[in-house]
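User: Please take a close look at one part of this model, namely the first helix and what lies around it. I should like a connected account, with the cut-off given for each term.

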Amino acid sequence: MKLAETDKAYLAGLIDGEGCVSIRKWKDKGKYFGYTLCLDIANSNPKLVKWIVENFGGKIYSYKFKNPNHKIRHDWRIYHQRAADILLTVLPYLVIKKTQALLAIEFRDTFYKGKTAESRADMVTLRERIIAQMHILNNKGNRQKFPDAPVLDKEDIMVFSKVNI
């Protein structure tokens, strides 16, 4: 299915306004851990998240809050390479979360580069730098999680991606 440019632009607006581009830690029975790319959008309108799934794939997770005044929240989520592919598709239309998208794409690219021990160590270091940058960018303004992190200007943010904007 070929997507209309307006659909790509609309999804980019949703990501900028209601979405989150993150790298999440996962654990496997406490022994192993790793990181995965996640793209999600939260909204109270189920028609919106159904439209996203129909056009871009992914899954819907719905949450009912204890407070009766709160609407049911519907989260659309997609992970791994599929999330990176969507970010690449909407990249020209992103405004607010363009830097996070570039970091996310580069993060996923590190899983497909060289496999030698030396290059693997370099990729782990690169992943850690990308994860640190993503955490700083996604910090919600209170700086409690990263009090010693420098305040970065747009020019200072390390974007390793070779993606042309």
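Analyst: The account below starts with the model as a whole, turns to the helix and its surroundings, and ends with related pairs elsewhere.

The model is predicted, so local features are reported only at pLDDT of at least 70 and side-chain atom pairs only at pLDDT 80 or more, while totals for chains, interfaces and linings use all residues. Residues are numbered from 1 along each chain as its sequence is written, and side-chain values use heavy atoms, with hydrogens and water left out.

The chain has five helices and four strands (DSSP runs numbered from the N terminus, with H or I over at least four residues for helices and E over at least two for strands). Their order along the sequence is α-β-β-α-β-β-α-α-α. Of the 165 residues in the chain, 38% are buried (buried is under 20% relative accessible area, exposed over 50%, partly exposed in between, with a 1.4 Å probe and protein chains only). Among contacts between residues at least 6 apart in sequence, 58% join residues at least 24 apart (a contact is heavy atoms within 4.5 Å).

Helix α1 covers residues 5-18. Within α1, Lys8 and Glu5 form a salt bridge, and their closest N and O atoms are 3.0 Å apart (a salt bridge is a side-chain nitrogen of Lys or Arg within 4 Å of a carboxyl oxygen of Asp or Glu). The two residues are separated by about one helical turn because they are three residues apart in the helix. Their surroundings can be described separately: Lys8 is buried at 16% relative accessibility, whereas Glu5 is partly exposed at 41%.

Lys8 also belongs to the contact that α1 makes with α3, where Leu11, Ala12 and Ile15 of α1 take part as well. The α3 side of that contact consists of Ile86, Leu87, Thr89 and Val90. The axes of α1 and α3 come within 9 Å of each other and cross at roughly 110° (axes are lines fitted to C-alpha atoms over the stretch in contact, and angles run from 0 to 180 degrees between N-to-C directions). The two helices are therefore roughly perpendicular (65 to 115 degrees; under 35 is roughly parallel, over 145 roughly antiparallel, and the rest oblique). By residue class, the contact of α1 with α3 holds six nonpolar residues, one polar and one charged (Ala, Val, Leu, Ile, Met, Phe, Trp, Tyr, Cys and Pro count as nonpolar, Asp, Glu, Lys and Arg as charged, and the others, Gly among them, as polar).

Two residues outside α1 add to the picture. Ile41 lies in strand β2 and is buried, with 0% relative accessibility. Setting aside residues up to four places away in sequence, Ile41 touches Leu11, Leu14, Ile15 and Glu18, and among its other contacts are Val49, Ile52 and Asp75. The C-alpha atoms of Ile41 and Asp16 are 9.4 Å apart, although their positions lie 25 residues apart along the chain. Trp51, by contrast, is found in helix α2 (residues 46-56) and is partly exposed at 22% relative accessibility. With the same exclusion of sequence neighbours, up to four places away, Trp51 touches Asp7, Tyr10 and Phe56.

Helix α3 also packs against α4. Here α3 (residues 80-90) and α4 (residues 98-109) meet at an angle of about 140°, with axes 9 Å apart. That angle makes α3 oblique to α4. His80, Gln81, Ala84, Leu87 and Leu88 of α3 form the contact with Ala101, Ala104, Ile105 and Arg108 of α4. This contact comprises six nonpolar, two polar and one charged residue.

The pair in α1 is one of several, since the structure holds four salt bridges. Arg24 pairs with Asp40, the closest N and O atoms being 3.0 Å apart. Arg24 is in strand β1 (residues 19-28) and Asp40 in strand β2 (residues 32-43), so this salt bridge ties together parts 16 residues apart in sequence. Arg24 is partly exposed at 30% relative accessibility, whereas Asp40 is buried at 9%. Asp75, a contact of Ile41, forms a salt bridge with Arg73, with 2.8 Å between the closest N and O atoms. Asp75 is buried at 3% relative accessible area, while Arg73 is partly exposed at 31%. Shared partners join Arg73, Asp75 and Arg77 into one network of salt bridges.
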